[in-house]
Amino acid sequence: MKKYLALLFLLSFICWISCANNDSQNQANTLQADTTKPEPIEDPFPVIKYELRTLKSLGELLTLVRQYKDSTEREQYKKLLATLSRKEFRFFVAGSKVVIPDTFVKDLRAYSVFPQFYPGAKNLKKLVVVDNHMQAYACYEYGKLIRFAAANTGKERTPTFPGRYSLNWKKRVHKSSLDSAWEMPFTWNFHSEAGNAFHQFVMPGRPVSHSCIRQFIDDAEWLFK
């Protein structure tokens, strides 16, 4: 009987050690959510209201831009409208819908669809979060939002699959494996097997890529560097 109990205890101990090792391994391979109550973070930006307007003509949009006499402010406002509508300015035509804010803030983080602080990432040096539905991405450093940008992700037949990835390699100008005529500046790969990457390319304002994450040129360069 004593031998039986001893054997049972030994088997139980081995099982417990095995489970403990598995739990430790799982914890090591999984980003654990931070359950501690975060310190309240004051939003540094004003409350902004938006209007979704259908353009009667391109002139209507140009009138909005020309209200800013300073050339730098005009370009910043154009980038704001492009970011809010997720498409390049050249794709705005009569009949296009454009998102117009009631407040102009030069810092695009004011218009972020992501939180200004992400408690679950407060111990991560760098994190990029992409939202296929919102067609946008956010860059965090130790949980603080440092960049908000538009994106055009994969179309229905070639979607950008959700998941957790690591950035692998980058190249200043990369030619597509699908068509060598397609040059993709500031490519940063996050899925070597599938060839998925962040890069600059045409931004018509909808999911349109072959599963990569397209960006405006300045956002692509910023992320690359």
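Start by selecting strands E6, E7, E8 and E9, which together form an open sheet of four strands in the order E6-E7-E8-E9, with mixed pairing. The edges of this sheet are taken by strand E6 (170-175) and strand E9 (213-215), and because each has a single partner strand, one side of each is left without a neighbour in the sheet. If you look from strand to strand, neighbours here are turned by 35° against each other on average, direction ignored. Please keep in mind throughout the tour that the model is predicted.

Next, narrow the selection to strand E8 (residues 196-200) and E9, which pair in the parallel sense over three bridges. Within this pair, pick out Gln200, and you will find that Gln215 in E9 stands opposite.

Now move to the edge strand E6 and select Lys171, whose place is in that strand. Is Lys171 buried, partly exposed or exposed? Its relative accessible area is 42%, and since the range between 20% and 50% counts as partly exposed, Lys171 is partly exposed. Show the residues around Lys171 as well: leaving aside residues up to four places away in sequence, Lys171 touches Phe186, Thr187 and Phe224. Thr187 lies 16 residues from Lys171 along the chain, yet the C-alpha atoms of the two are separated by 5.3 Å.

From there, step to Phe186, one of the residues that Lys171 touches, which has its place in strand E7 (residues 183-191). The phi angle of Phe186 is near 55°, a positive value in a residue other than glycine. With 4% relative accessibility, Phe186 counts as buried, because buried means under 20% relative accessible area.

Then select helix H4 (residues 217-224). This helix lies across E6, E7, E8 and E9, and runs at about 50° to E7. Helix H4 also lies across E3, E4 and E5, where it runs at about 140° to E5, and following it in that direction leads to the next stop.

Here, select strands E3, E4 and E5, which form an open sheet of three strands in the order E3-E4-E5, with antiparallel pairing. Which strands stand at the edges? They are strand E3 (127-131) and E5, and as each has a single partner strand, one side of each is left without a neighbour in the sheet. From one strand to the next, the twist averages 20°.

Within this sheet, look more closely at E4 and E5, which pair in the antiparallel sense over six bridges. Select Tyr140, and the residue standing opposite, in E5, is Leu145.

Stay in this region and select Tyr142, whose place is in the loop between strand E4 (136-141) and strand E5 (144-150). Its phi angle is near 50°, again a positive value in a residue other than glycine. Tyr142 counts as partly exposed, at 47% relative accessibility.

To finish, show the whole protein chain, whose secondary structure comes to four helices and nine strands. Following the chain along its sequence, you will meet these elements in the pattern α-β-α-α-β-β-β-β-β-β-β-β-α. Of its 225 residues, 35% count as buried, and the accessible surface comes to about 14,500 Å², of which 56% belongs to carbon and sulfur atoms. Among the contacts between residues at least 6 apart in sequence, 55% join residues at least 24 apart.

Key. Residues numbered from 1 in each chain as written. Predicted model: local features only at pLDDT ≥ 70, side-chain atom pairs only at ≥ 80, totals over all residues. Heavy atoms only, no water. Helix = DSSP H or I, 4+ residues; strand = E, 2+ residues; numbered from the N terminus. Buried < 20%, exposed > 50% of the residue type's maximum accessible area, 1.4 Å probe, protein only. Contact = heavy atoms within 4.5 Å. Areas by Shrake-Rupley, 256 points an atom, 1.4 Å probe, with all protein chains shown as cover. Pairing = 2+ DSSP bridges. Axes fitted to C-alpha atoms, helices over the stretch in contact; angles between N-to-C directions.
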